[in-house]
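Here is a small set of exercises to work through at your own pace. Please keep the sequence and the 3D view open beside you.

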Amino acid sequence: WKFDGVGMCILLLLGVLLVSSLASFARMGSLKVWAMYLVFLTFYFVVVNTVKTKEQLYGLFKIFVISGALVALYGVMQYAFGWTTSNAWIDEEMFEDATMRVYSTLGNPNVLGEYLLLVLPVAAVYMLKNKWKELSKWVYGLMFLVLALCLVLTQSRGCWIGFMLSVVIFVTFYEGKWWGFIPIVLCILPFIIPQTIVDRIMSVGNMEDSSTSYRVYIWMGTLGMMKHYWLGGIGMGEAAFSQVYPFFSYNAIIAPHSHNLFLQLLVEAGISGLGVFLVMQIVFVKKMSDVYRMDDKKSMDSMLALALGSGVIGFLAQSMFDYTFYNYRVMAVFFMVLGLGLALKHLKTTD
């Protein structure tokens, strides 16, 4: 049985969330949500304790990339063949030309983007690690391009910000000399980026965009809740949130959650829940940093540790704009990724 700092934080988080659920404004609803968390968070322990060899671990990473590429391919096909016609996630007054946001098998473009944030850095490792004369390099390169294109087609601005942060971290620690190409890239980008993408990027922080104003008003209402419930929270889940939030909402905006993972943890479980989660992420990044420094930075293990660390940081950046655990599938994948990282750490220290 392998037990580490991340595992300890997961158990502590589950304990804090259980206490908040028992004292919830909607106890039964909160306990059901807690049971879902129990199942998906403990996937971490399944991964860490069942991966015995590096061959198994590398096989899981390959499956992770290939399955992610298939999900992304379906999203690209949605766009190419017009399989989705919903404009539910677009402010049509601000973005008249942006008529489609893909969501693939995940039902929501932001959720799809969050999933892709975790897959893309690992796909980049397999693309970079293989030699030019090997077919596998071109196959993984194609998969990376499909994943990146699908991320663009989600038109999720928070995910774009998270991906750019991941790229900055990955490039800086993998090959810092690549930053010398930035002036050239900046000169080329205006000629290849569609105007709809430019409009979406420039709209970040624009309160005239209904998506932005919607989130800001929800955050203001949630901050009002925290003044009263910062210590122990209100309980987990949509049922508890809907019991309390209407008393603090702005502009009569109805919301199922706070659209911010950190605010949501704080309002659901209090300061201790948020604190444990933040410590968990710090410990994980520290473990990946340790693995990265054990070998040459171009070794497979170092590159995978860098990819996992940068992917998780990009995911957490997007979590500032959305409640990324609202979709349980994405939450499960997130904790599996933490498990893959610590499995890599355990195998590395026993080499």
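Contact, in these exercises, means heavy atoms within 4.5 Å. This is a predicted model, in which local features need pLDDT of at least 70 and side-chain atom pairs count only at pLDDT 80 or more, while totals for chains, interfaces and linings use all residues. Residues are numbered from 1 along each chain as its sequence is written, and side-chain values use heavy atoms, with hydrogens and water left out.

**Exercise 1. Find what Ser166 touches, leaving out residues up to four places away in sequence.**

Step 1: Go to helix α7, where Ser166 has its place. Helices are DSSP runs (H or I, at least four residues), and they are numbered from the N terminus.
Step 2: Look for its contacts: Ser166 touches Ser310, Gly311 and Gly314.
Step 3: Check its accessibility. Buried means under 20% relative accessible area, exposed over 50%, and partly exposed in between (1.4 Å probe, protein chains only). Ser166 has a relative accessible area of 3%, so it is buried.

**Exercise 2. Decide whether Leu145 is buried or exposed.**

Step 1: Locate Leu145 in helix α6, residues 135-154.
Step 2: Compare its value with the cut-offs: its relative accessible area is 54%, so Leu145 is exposed.
Step 3: Now look at Ala69, which is 76 residues away from Leu145 along the chain; their C-alpha atoms are separated by 9.1 Å.

**Exercise 3. Compare the span of α1 with the expected one.**

Step 1: Recall that the expected span of a helix is 1.5 Å times one less than its number of residues.
Step 2: Apply this to helix α1 (residues 5-22): its 18 residues should span 26 Å, and its end C-alpha atoms are 26 Å apart, which agrees.
Step 3: Look at its buried residues, among them Val6, Ile10, Leu13 and Leu17. Their cover includes α2 (27-41), α3 (43-50), α12 and α14.
Step 4: Repeat for helix α10 (residues 210-229), where 20 residues reach 28 Å from first C-alpha to last, close to the 28 Å expected. The buried residues of α10 are covered by elements including α5, α7, α11 and α12.

**Exercise 4. Describe how α12 and α14 pack.**

Step 1: Take the axes as lines fitted to C-alpha atoms, for helices over the stretch in contact, with angles from 0 to 180 degrees between N-to-C directions.
Step 2: The two helices pack at about 40°, with axes 10 Å apart.
Step 3: Name the arrangement. Angles under 35 degrees count as roughly parallel, over 145 as roughly antiparallel, 65 to 115 as roughly perpendicular and the rest as oblique. α12 is therefore oblique to α14.
Step 4: Pick out the residues that make the contact, including Phe277 and Phe284 of α12 and Phe334 and Leu338 of α14.

**Exercise 5. Which residues other than glycine have a positive phi in the loops around Ser104 and His259?**

Step 1: Start from the usual case: most residues other than glycine have a negative phi.
Step 2: In the loop between α4 (54-81) and α5, Ser104 has a phi near 50°, a positive value. Ser104 is buried, with a relative accessible area of 5%.
Step 3: In the loop between α11 and α12, His259 has a positive phi of about 55°. His259 is buried as well, at 11%.
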